[in-house]
Amino acid sequence: MGETALLIFSFCMQTAIGLMLFTTLAKQLHQDRSFKPAAIAAAGLSIIGVLASLAHLGQPLHALNSLGNLGSSWLSREVLSSGVFMGIAVSYTLLLYFKAGGEALNSALRWAGSVVGLIAVFSMSKLYTMASVPVWHSINTFVDFFATTIAVGALVFLALSFKELQDADKRIYGFIVLATVIIQAAAAVPFAVSLGLDGMAAQASAEILRNLSVVIGLKWLLILGGAVLLLWPALQQAAVKANSGPGLLYAAGVALVCGQLIGRYVFYAAMITVNIGLT
């Protein structure tokens, strides 16, 4: 598929933003902990995402040229916000790793990264809904992108910070993930029903989705199954004990990440443009 670079960019960047967001929130609850693995992962994934974006554009100079229309172009806003987020994530990780700066500066970078990251996710979503691809012209695009940010970000953060959170009640992360994927699934139903009622390009996309029904079924099995698996210990006891092993957590993470990756593949595989071309 020719959109592999975009898949890598969007998925890695959204996961990195989710990691930064949950690192910021967790630091409010556990100020004595660093969550360094999550910070390193956020920086690394953002770098991979930006490199994939540059690979899609063909030349780094094209990325600089795309910044010339910030007032009217969502592509310009996506490139800028993604680049700024990467800079913040890398700067925060370096300060954390070398123990430079103070908590005030680190806190400011965390919050700035979270806000800029959410702006980047919104810009990505808006860019795709502005393209001449009917299958993307839906609130479902926003829901999918933010669901990846929140659900995958929360689960990867929990997996990377398991040791630091051993004495904490981790059920909140499971409930956040489950609520997010339920909203994602609920938004997908009316979207799938309405898609075949639009023009020829939308109907062609609907036919592609029908041909991929088994793949889409696997996507939802993995996503919803991963969310339930994450909460399973909480359903068996009053709280997640500190000595609970990470096995279920890692299994839930693999399932959810694979499901969201399959969904992102379907997102691009169903792309059929109208005659006027991409905007």
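**Cores and surface of a predicted helical model**

At 0% relative accessibility, F35 counts as buried, because this value falls under the 20% limit for relative accessible area. F35 belongs to a predicted model, in which this residue sits in the loop between α1 (4-29) and α2. Its backbone is also notable: F35 has a positive phi of about 55°, although it is not a glycine.

The interior can be described through its nonpolar cores. In soluble globular proteins, nonpolar side chains tend to be buried together. Here the largest nonpolar core comprises 39 residues, and M13, F85, Y128, V135, W136, L195 and Y268 have the most contacts inside it. At least two residues of this core are supplied by each of α1, α2, α4 (74-97), α5 (103-130), α7 (171-195), α8 (200-211) and α10 (247-269). Helix α1 gives the largest share, seven residues.

V135 illustrates how distant parts of the sequence meet. Leaving aside neighbours within four places in sequence, V135 is in contact with F191, L195, S205, L209, A270 and M271. A second, separate core of 27 residues includes F22, A26, F35 and A188; the buried loop residue F35 is thus one of its members.

The surface offers a contrasting case in I40, a residue of helix α2 (residues 36-57). I40 counts as partly exposed because its relative accessibility is 41%, a value between the 20% and 50% limits. Together with L94, Y97 and F98, I40 makes a nonpolar surface patch of about 450 Å².

Terms used: Residues numbered from 1 in each chain as written. Predicted model: local features only at pLDDT ≥ 70, side-chain atom pairs only at ≥ 80, totals over all residues. Heavy atoms only, no water. Patch = residues over 30% accessible without salt bridge, like charges linked within 9 Å, V, L, I, M, F, W, Y side chains within 5 Å. Areas by Shrake-Rupley, 256 points an atom, 1.4 Å probe, with all protein chains shown as cover. Salt bridge = Lys/Arg side-chain N within 4 Å of Asp/Glu carboxyl O. Helix = DSSP H or I, 4+ residues; strand = E, 2+ residues; numbered from the N terminus. Buried < 20%, exposed > 50% of the residue type's maximum accessible area, 1.4 Å probe, protein only. Core = buried A, V, L, I, M, F, W, Y, C linked by side-chain atoms within 4.5 Å. Contact = heavy atoms within 4.5 Å.
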